[in-house]
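Me: I would like a close look at a single part of this model, with the surroundings brought in where they help. Please take it step by step and connect the parts as you go.

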Amino acid sequence: MTTIKILTVLFVGLSSGLAVGSGFVAFLTVLGVIPRLTQLSKTMKMIHQYEWAVVIGALTGVLASLRDPTLYISSYFLIPLGITGGIFIGMLAAALTEVLNVLPILVKRIRLDGQIIILIMAIVFGKIFGAIFQWLYFVHH
């Protein structure tokens with residue numbers, strides 16, 4: 001491979017990564033996930049730790065996607081990893097829902113006025129069973 005091709009690939013990869021990373025940070029900023037999380041958990045003093053956790057998590061995810069590592073760890077260690085990943089995705093979805101006020105509109109559309117808990121539990125159980133199905137079927141086959 002010539003030097004120009006290598007430099008082009010490096011430039012395109014770096015600029016693509018910066019664009020995606022900027023979009024992710026903008027998404028988290030617009031949703032206000034970190035300040036809202038510190039507000040709900042009453043840990044405003046730890047906001048810098050939350051921010052660094054997001055940065056380190058994003059960098060770790062990037063490195064893992066570039067390297068495609070194989071971790072030879074116990075299956076029992078994967079349970080807390082799956083739980084924390086599920087909590088993150090759930091909080092991100094909840095923040096998006098809170099910002100967009102989707103659930104009240106959806107409740108009115110499907111005529112479940114006064115029974116929003118049914119809709120929330122349907123979403124929660126759908127997410128849980130979907131994740132379990134994906135894990136049992138696609139990961140082990």
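Me: Is isoleucine 117 buried or exposed, and in which helix is isoleucine 117 found? Please start there and then work outwards through the chain.

Reply: Isoleucine 117 counts as exposed, because its relative accessibility is 55% and the cut-off for that class is over 50%. The structure is a predicted model, and the residue is found in helix H6, which covers residues 116–139. As for its relation to other parts of the chain, the C-alpha atom of isoleucine 117 is 9.9 Å from that of valine 107, a residue 10 positions away in sequence. Some care is in order with the neighbouring region, since helix H5, residues 102–109, has the lowest confidence in the protein chain, at a mean of 74, while the highest mean, 81, belongs to helix H3, residues 47–67. For the chain as a whole the mean pLDDT is 79, and 94% of the residues reach 70 or more.

Staying in helix H6, one comes to phenylalanine 125 and phenylalanine 129, which are four residues apart and therefore separated by about one helical turn. An α-helix has 3.6 residues a turn, so residues three or four places apart point the same way. A search of the whole structure finds one aromatic pair, and it is formed by these two rings, whose centres are 6.2 Å apart and whose planes meet at 20°, so that the pair is stacked; the cut-off for stacking is an angle under 30 degrees. Phenylalanine 129 is exposed, with a relative accessible area of 55%, whereas phenylalanine 125, at 41%, is partly exposed.

The buried side of the model can be followed from helix H4, residues 75–100, where methionine 91 is found. Methionine 91 is partly exposed, with a relative accessible area of 31%, and its C-alpha atom is separated by 8.0 Å from that of valine 33, although the two residues are 58 positions apart along the chain. Valine 33 belongs to the largest nonpolar core, which has five residues in all and also includes Leu28, Leu31, Leu92 and Ala95. Two or more residues of this core come from each of helix H1, residues 3–31, and helix H4.

Val33 is also one of the buried residues of helix H2, residues 33–41, together with Ile34 and Thr38. These buried residues lie on the same side of H2, because they cover an arc of only 125° around the axis. The face of H2 turned away from that buried side carries the exposed residues Gln39 and Leu40, and just after the helix lysine 42 takes a positive phi of about 55°.

Seen as a whole, the protein chain has six helices and zero strands. Its radius of gyration is 20 Å, where a compact globule of 141 residues would have one near 14 Å, and its C-alpha trace spans about 65 × 40 × 35 Å along the principal axes. Buried residues make up 9% of the 141 residues. Among the contacts with a separation of 6 or more, 43% are between residues 24 or more positions apart.

Terms used:
Residues numbered from 1 in each chain as written. Predicted model: local features only at pLDDT ≥ 70, side-chain atom pairs only at ≥ 80, totals over all residues. Heavy atoms only, no water. pLDDT = per-residue confidence, 0-100. Buried < 20%, exposed > 50% of the residue type's maximum accessible area, 1.4 Å probe, protein only. Core = buried A, V, L, I, M, F, W, Y, C linked by side-chain atoms within 4.5 Å. Arc of directions from axis to C-beta. Phe/Tyr/Trp six-rings, centres within 6.5 Å; stacked < 30°, edge-to-face > 60°. Rg over C-alpha atoms; globule rule 2.2 N^0.38 Å. Contact = heavy atoms within 4.5 Å.
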